[in-house]
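Student: I should like to work through the strand pairing and the salt bridges of a protein model. May we take them in turn?

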Amino acid sequence: MEDMRHWTPRKLPTTVPLEGRYVRIEPLSVKAHAQDLFEASYVENADDKFRWLPELPPTDLTSFSNWMATASVREDPLFYAIIDKATSKVAGRQALMRIDKANGVIEIGNIYWGPLIARKAAATEALYLFAKHVFEGLEYRRFEWKCNDENVPSKKAALRFGFQYEGTFRQHLIVKGLNRDTAWYAMIDKDWPELRRAYEAWLDPSNFDANGQQKKRLEDLR
C-alpha cells in the first residue's frame, strides 16, 4: 500500500490558455466564442454528434448563447473553448469536471469536437494539453474519462488515448430521460511519462505525410 502521508491538496485548474501546435485552449467566453462555437455545433449531423452529450443540439444563436452564459461561469464543470490555430476559429469545447482537489482526481467531459478538428491531430492535441495540465501543471494523481456504455466510439477513443478501462457502473445516471450505464476509464500519474512520450511523437509533424495521414498510430508509439 502506497504511503501518501506527504500528500497535500492540489490547485484548481488554471484559466491561463493552454498552447499547442494545432490548438489553443482557453476558458469559455460568450463574448469571445459564442458565434464560432455555435457555427461549429450547428451542423448537419448535430443530432448524432450531440447524442451522448447532456444537452440537445443548438437551434439558434440566442438560446445557445444563453446556455454558454450559464456554462461559462460554472466552476465544475469548467468549460474551455478549443481554437483551431489553422483557421483561428473556435472548433469545439471540452471541460474539466468532478474536480477533487483533496485526492487529486479530475475528469475530462462534455467534449464536442467540431468538423474543423474531429478525427484530426488537433483533437488529439486538445486531449494531450488537458492531460499535461492535469499531471504536470496541477500535479493531480488521476485523470478520468467516462461515457455511456453504449457509446462505442467514445470507448474506443478512451483506449486509443491511453485511458485504461476500470469497469461499468450500472444504472449510474438518467440522461435525457434514458438510463445510462457508465463505462469508467482513467490514466494515473505513473502512466503519464510513457503516455507523454507517445503523444509528443505522434503529434510531431514528421509523423504525418503530405496529405496529413498518420505514419504511426498513437497506440503503436506506447
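The exchange below concerns a predicted model.

Student: Which residue in β5 is the bridge partner of Gly92?

Tutor: Strand β4 spans residues 89–100 and pairs with β5 in the antiparallel sense over 6 bridges. The two strands form a hairpin with 4 residues between them, and Gly104 in the turn has a positive phi of about 70°. Within β5, the bridge partner of Gly92 is Trp113.

Student: Do β5 and β6 run parallel or antiparallel, and which residue in β6 stands opposite Val105?

Tutor: Strand β6 covers residues 142–148, is joined to β5 by 4 bridges, and runs parallel to β5. Between the two strands the chain passes through helix α4 (residues 121–137) in a right-handed β-α-β crossover. Opposite Val105 in β6 stands Arg142.

Student: How many residues apart in sequence are the parts that Glu55 and Arg93 tie together?

Tutor: Glu55 and Arg93 form a salt bridge, with their closest N and O atoms 1.9 Å apart. Both Glu55 and Arg93 are buried. Because Glu55 lies in the loop between α2 and α3 whereas Arg93 belongs to strand β4, the parts tied together are separated in sequence by 38 residues.

Student: Is Glu107, which meets Arg98 in a salt bridge, buried or exposed?

Tutor: The side chains of Glu107 and Arg98 meet at 3.2 Å, N to O. Arg98 has 45% relative accessibility and therefore counts as partly exposed. Buried means under 20% relative accessible area. Glu107 has a relative accessible area of 4%, so Glu107 is buried.

Methods:
Residues numbered from 1 in each chain as written. Predicted model: local features only at pLDDT ≥ 70, side-chain atom pairs only at ≥ 80, totals over all residues. Heavy atoms only, no water. Pairing = 2+ DSSP bridges. Right-handed = clockwise from strand over helix to strand, strands pointing away. Salt bridge = Lys/Arg side-chain N within 4 Å of Asp/Glu carboxyl O. Buried < 20%, exposed > 50% of the residue type's maximum accessible area, 1.4 Å probe, protein only.
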